[in-house]
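Student: Please pick one part of this structure and take me through it closely. I would like a connected account that starts from a single pair of residues and works outward from there.

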Amino acid sequence: QVQLVESGGGLVQAGGSLRLSCTLSGRTLSRYNMGWFRQAPGKERESVAAITWDNARSYADSVKGRFTISRDNAKNAVYLQMNVLKPEDTAAYFCAAKEPTTARAAPYDYWGQGTQVTVSS
């Protein structure tokens with residue numbers, strides 16, 4: 001049974017940093033495509049960053065240059081390093097996993113329950 005658990009959220013001041021962690025259990029993460037999403041109050045969930053099984057990375061324009069997604073397959077984990085945080089980054093952040101056989105354009109297969117990031121001005 002696949003489960004994703006996020007951690008690392010919290011309250012920070014603008015300009016500060018946080019590192020979010022996501023651990024996958026039940027399966028080996030190494031060949032999964034992984035992503036981070038966020039949802040702010042009153043807004044739809046949006047993609048923040050993604051990393052493929054072979055370490056190709058992509059970012060939303062709003063976070064490019066500030067956020068870095070990475071993975072540690074030995075720990076079955078994916079991370080989101082968030083620097084120069086802004087109040088508009090405030091949201092619930094969700095980790096997602098896509099099985100190796102799922103098409104890249106298809107929805108993610110598994111989701112974590114989220115970790116809250118709040119950035120004060």
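Tutor: Happy to! Let us start with a pair on neighbouring strands: glutamine 3 has serine 25, in β3, as its bridge partner. Before going further, note that this is a predicted model, in which local features need pLDDT of at least 70, side-chain atom pairs count only at pLDDT 80 or more, and totals for chains, interfaces and linings use all residues. Residues are numbered from 1 along each chain as its sequence is written, and side-chain values use heavy atoms, with hydrogens and water left out. Strands here are DSSP runs of E with at least two residues, numbered from the N terminus, while helices would be runs of H or I with at least four.

Serine 25 itself is part of strand β3. Its relative accessibility is 32%, so serine 25 counts as partly exposed; the scale calls a residue buried under 20% relative accessible area, exposed over 50% and partly exposed in between, using a 1.4 Å probe and protein chains only. Setting aside residues up to four places away in sequence, serine 25 touches Gln1, Val2 and Gln3, where contact means heavy atoms within 4.5 Å. Threonine 68 is elsewhere: from serine 25 it is 43 residues away in sequence and 22 Å away in space, C-alpha to C-alpha.

Now for the two strands. β1 and β3 pair in the antiparallel sense over five bridges; two strands pair if DSSP finds at least two bridges between them. Further along, valine 5 stands opposite threonine 23 in β3. On β1, Leu4 and Glu6 make up the covered face, whereas Gln3, Val5 and Ser7 make up the uncovered one.

Stepping back, the pair belongs to an open sheet of four strands in the order β1-β3-β8-β7, with antiparallel pairing. β1 (3-7) and β7 stand at the edges with a single partner strand each, so one side of each has no neighbour in the sheet. From one strand to the next the twist averages 15°, with axes taken as lines fitted to C-alpha atoms (for helices, over the stretch in contact) and angles running from 0 to 180 degrees between N-to-C directions.

What do β3, β7 and β8 give two or more residues to? The largest nonpolar core has 29 residues, of which Met34, Trp36, Leu80, Met82 and Tyr93 touch the most other members. Such a core is a set of buried Ala, Val, Leu, Ile, Met, Phe, Trp, Tyr and Cys residues joined through side-chain atoms within 4.5 Å. Elements giving two or more residues to this core include β3 (18-25), β7 (67-72) and β8 (77-82). Methionine 82 is a good one to click on: beyond its neighbours within four places in sequence, its contacts are Gly16, Ser17, Leu18, Leu20, Arg66, Phe67, Tyr93 and Val117.

One of those contacts, Arg66, leads to the charged residues. The side chains of arginine 66 and aspartate 89 meet in a salt bridge at 2.8 Å, N to O; the term asks for a side-chain nitrogen of Lys or Arg within 4 Å of a carboxyl oxygen of Asp or Glu. Arginine 66 lies in the loop between β6 and β7 and aspartate 89 in the loop between β8 and β9, so the pair ties together parts 23 residues apart in sequence. Both arginine 66 and aspartate 89 are buried, and salt bridges that share partners join Arg38, Glu46, Arg66 and Asp89 into one network. Within that network, arginine 38 and glutamate 46 meet at 2.8 Å, N to O. Arginine 38 is buried at 6% relative accessibility, while glutamate 46 is partly exposed at 35%.

Aspartate 89 makes a good last stop, with a relative accessibility of 0%. Its side chain also reaches the backbone nitrogen of lysine 86 at 2.8 Å. Leaving out residues up to four places away in sequence, aspartate 89 touches Arg38, Arg66, Phe67, Val84, Val117 and Val119.

Technical notes. A polar contact is a pair of N or O atoms within 3.5 Å; within protein, one must be able to donate a hydrogen and the other to accept it, and residues adjacent in sequence count only if both atoms are side-chain atoms.
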